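This report introduces a protein model to a reader who has not met it before. The sequence and the structure are shown first, and the description follows.

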Amino acid sequence: MANLGYKESLSFGGSGHAQGQQVVPFESGALKLLLHGSLVIRVNEAKNLPAMEGLHKHMGRVIAKMPGRSSKTTTSAPYVTIALSGAVVGRTFVISNNQNPVWKQHFDVPVAHYASEVHFVVKHNDVVGSQIIGSVGIPVEELYPGEKIEGTFPILNSTGHICMPGVVLSLSIQYTSFEKMAFYNRGIGSDPDHQGVPGTYFPLRRGGKVTLYQDAHVPDGCLPNFELDGGLEYKHGNCWQDIFDAINQARRLIYITGWSLYHKVTLVRDNHGASNCTIGDLLKNKSQEGVRVLLLVWDDPTSRDIMGSIKGGLMQTDDEELRRFFKNSSVQVLLCPRSAKEGTWAKKQEAGIIYTHHQKTVLVDTDAGHSKRKIIAFIGGLDLCLGRYDTPEHPIFRTLQTVHKDDNHNPTFSKPVIGCPREPWHDLHSKIDGPAAYDILTNFEQRWGMASKPHGLHKLKERGLQKLKARGLHKLETQDDGDGDVDDALLKIEKIPELIGMTEVSRLSEDDIEAWDVQVFRSIDSNSAKGFPEDPKDATSVNLVCGKNVLIDMSIHAAYVKAIRAAQHFIYIENQYFLGSSYNWNSYKDLGANNLIPMEIALKIVNKIKANEKFSVYIVIPMWPEGDPTSIPIQRILLWQHKTMQMMYEMIYKALKEVGHENTYCPQDYLNFFCLGNRERLSEEDNSAASNLSDAKAPYALSQKSRRFMIYVHSKGMIVDDEYVILGSANINQRSMEGPRDTEIAMGAYQPHHTWARKLSSPHGKVYGYRMSLWAEHIGLVEECFKQPESLECVQRVRTLSEQNWSQYIADEVTDMKGHLLKYPVEVSPTAKVEPLPGCATFPDIGGYILGSLGDIGKSLGISRISGRGISFRAMQENLTI
């Protein structure tokens, strides 16, 4: 192996988790080969590791003397990082004070990397960060045949020589290529054993019911009906109406998690049975009836309630207002900070400052027949807060004095201005009825159990249980966690005869054509969930991965990877963000946005091109991330998004060129990016005409004059082959996919009777109906070719319609838009160069470079002021945007 110089620098933990960047002490100059498939790895033990001295030890002693820190001295705390192309794909747990550590730790790692070697970097961990001891490199060309490589290898230092005599690492590694994984070639719905995504915390649950929602409300007659197989018809759900009804009919429990929850929001606003009841009043009424109401909401560290004066946080989540509203009620509000109890000091500060609890779930009990109650769950991208209520029409001006009178949310502008456009909101959500709902209940119980531990009890503003008991309203059971601690908030379902558990809940039969198989996925770690194994050695027994001594559920990422690999015809994605696989970008490779999703999609298209098979990918994202697109954080996100697009298109063009089709097809015949926007002419009842504007050239004035604005895509969903759907709270970025960053939850589901494997042609079950309904909303019409989205005819037609809509959006003449689907405002050349549209380098009216740019995020956001401790590490600034 060539010696290219020692590249270690002071590390504050990198990503101390499952993914991140790894600087290795040396690099090989060998040819990089594509590893696409799975690596099965076992890290057994190391011997004769040196005791670590120097800067880290000295700094560690200083920090150890700080109040609340342990005074114990750690002479050696080794662990192993596994890296490909600088991207971390696995970590062992840390073993303290042991120079002959035995891990015997197993990894099954999905890979989609160009690399010359797999690096096993042995490191020493302490309170400051980590020090590299040395590395073992396994050449990729030796892995290609698929034979297991096993042995004891010398650990090499920065010069590529043996560290010290006898310093070795014992391991085994075996590569299985994607082509040899037969189950990926049959389609995602071909699952005769009903295994779902293997190796996840929650298994696949059969015989359930699923309702799919688009937007908060769909008025009657707003969207066309679609005929499904079996003589069925697709029915459009009304999400917030259903949530209102479910909460209103609950008798025992209402558990809600949210990034934000605002008590003044009105869920039902249509003309038929409209209710003026806010979510806050509804929950208070239910708690007074004796229903256990628990609210688990992210505690924004920048919001404060100081002596009765509420300071709104940077994210405007209204968490302190929520706490105050329920202060004298029996509703229990737990404002939960995103904290880290393990890891370096810097990592703990980072977690608290820039990461969030992002799950959005509502759990209630409902009628199960025979005088019994069961649990159902709502899960998806919609928080019950301001700015979320919308319909498929996505008005921007016409409802400002009606349904959006007190709900005009538009963070693009620094301050609200009368007559400015609202920010329309498009989202995806779902209801789960059946066994999988109980897995979502388990998630809530694990999170509540961790958040309400003694260290966080000061955040529990009111103990509503005592109020209930004092009023004699209801006899509520308590739950003992088995360790002698009693959590008197969570109901213990098995002790309430009326409530049935997962094993008792009814399931639809295998012969029922409307039955669903459902699986729950998460991004979460042991800092946020109670009940994970105490010993990291036991992580694999419950399908968790290890990040040093933090246990991580990364099953959302695993679900996306499996679904993409199994796709046979097309992929349709709606997501608030789309960035990743930075290890394969043409620059900024060390950014750390290492999720595999963009790379897997690009490789899927590449493989289909080489097999001479048609395959199409449609990706809908916001025109820009929420907020001011001229701001530095958003400019960086746009830059990372551009780099992701560029990488994917370059891979597609290269594949076309390899098979000699570069003059027959173009990259956009396979992959297209879209956004959503709307435009409204001034109507007689509309009083939002531009007037009294202090600055006619300000973004708000230009938007008001042009009467246009983007529709914000907040969705987090993917549809594969019209047979499988994933949706939840997780964005396609590192924050959502990694596990120890933002906490997320999602579901993946399909109908076994409506798959390609079952029908041997395009399935027309409810997933198909959902996708067609979404397209009808976005495009404003339905055409026959939409039934086969993989076809070149469909791809080109949708692209043409989106280009026409973009032309209407930017035209001088203001006209009402029937279709909202816009081509994303970039131009992809025949040779895959992603550039701005001619004469349109910035977003209309609002400004901000469409392709993004760099800047000093710390200075822009004042991170040092937020933390109060002068934290402005480059890694923290970048982690904010990936």
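Which residues of strand 24 are buried on one side, and which on the other? The model is a predicted one, and in it Trp516, Val518, Val520, Arg522 and Ile524 are buried on one side of the strand, while Asp517, Gln519, Phe521, Ser523 and Asp525 are buried on the other. Both faces are thus covered. Strand 24 comprises residues 516-525, and because 10 of its 10 residues are buried, the strand is largely enclosed by the rest of the structure.

**The chain as a whole**

The protein chain has 882 residues, of which 62% are buried. It contains 19 helices and 36 strands. Of the contacts between residues at least 6 apart in sequence, 74% join residues at least 24 apart.

**Partners of strand 24**

Strand 24 pairs with the strands listed below, and for each the table names one pair of bridge partners.

| Partner of strand 24 | Sense and bridges | A pair of residues |
|---|---|---|
| Strand 10 (residues 205-214) | antiparallel, two bridges | Gly208 and Trp516 |
| Strand 33 (residues 744-750) | antiparallel, seven bridges | Gln519 and Gly748 |
| Strand 26 (residues 550-554) | antiparallel, three bridges | Ser523 and Met554 |

The loop between strand 24 and strand 25 (545-547) holds Leu544. Is Leu544 buried or exposed? Its relative accessibility is 4%, so Leu544 counts as buried. Leu544 and Asp525 are 19 residues apart along the chain, and their C-alpha atoms are separated by 8.9 Å. Beyond its neighbours within four places in sequence, Leu544 is in contact with Tyr201, Phe532, Pro533, Ala539, Leu551, Ile552 and Asp553.

**A buried serine**

Ser773 belongs to helix 15, which covers residues 766-779. With a relative accessible area of 0%, Ser773 is buried. Its side chain makes a polar contact of 2.5 Å with the side chain of Gln214. When neighbours within four places in sequence are set aside, the residues in contact with Ser773 are Gln214, Leu223, Phe226, Tyr234 and His236.

**An open sheet**

Four strands form an open sheet in the order 5-2-9-8, with antiparallel pairing. Strand 5 (102-115) and strand 8 (149-154) each have a single partner strand, so they stand at the edges and one side of each is left without a neighbour in the sheet. On average, neighbouring strands of this sheet are turned by 25° against each other, direction ignored. Within the sheet, strand 2 (residues 33-47) and strand 9 (residues 168-177) are joined in the antiparallel sense by 10 bridges. Gly37 stands opposite Ser177 of strand 9.

**Nonpolar cores**

In soluble globular proteins, nonpolar side chains tend to be buried together. The largest nonpolar core of this model has 132 residues, and those that touch the most other members are Trp240, Leu283, Leu295, Phe578, Phe673 and Tyr824. Which helix gives the most to this core? Helix 11 does, with 14 residues. Leu295 touches Ile256, Leu261, Leu283, Phe326, Val331, Gln332, Val333, Leu334 and Trp448, residues up to four places away in sequence not being counted. Another core lies apart from the largest one; it has 109 residues, among them Leu253, Tyr255, Leu544 and Ile711.

**Two helices**

Helix 11 (residues 632-658) has 27 residues, and at 1.5 Å a residue it should span 39 Å; its end C-alpha atoms are 39 Å apart, so the expected span and the model agree. Helix 11 is mostly covered, with 22 of its 27 residues buried. After this helix comes Gly660, which has a positive phi, near 75°.

Helix 12 covers residues 699-706, and its buried residues are Tyr700, Ala701, Ser703, Gln704 and Ser706. Against which strands do the buried residues of helix 12 pack? They pack against strand 29 (671-679) and strand 30 (708-713). Helix 12 is followed by Arg707, whose phi is positive as well, near 55°.

Conventions. Residues numbered from 1 in each chain as written. Predicted model: local features only at pLDDT ≥ 70, side-chain atom pairs only at ≥ 80, totals over all residues. Heavy atoms only, no water. Expected span 1.5 Å × (residues − 1). Buried < 20%, exposed > 50% of the residue type's maximum accessible area, 1.4 Å probe, protein only. Polar contact = N/O pair within 3.5 Å; in protein donor to acceptor, adjacent residues only side chain to side chain. Contact = heavy atoms within 4.5 Å. Pairing = 2+ DSSP bridges. Axes fitted to C-alpha atoms, helices over the stretch in contact; angles between N-to-C directions. Core = buried A, V, L, I, M, F, W, Y, C linked by side-chain atoms within 4.5 Å.
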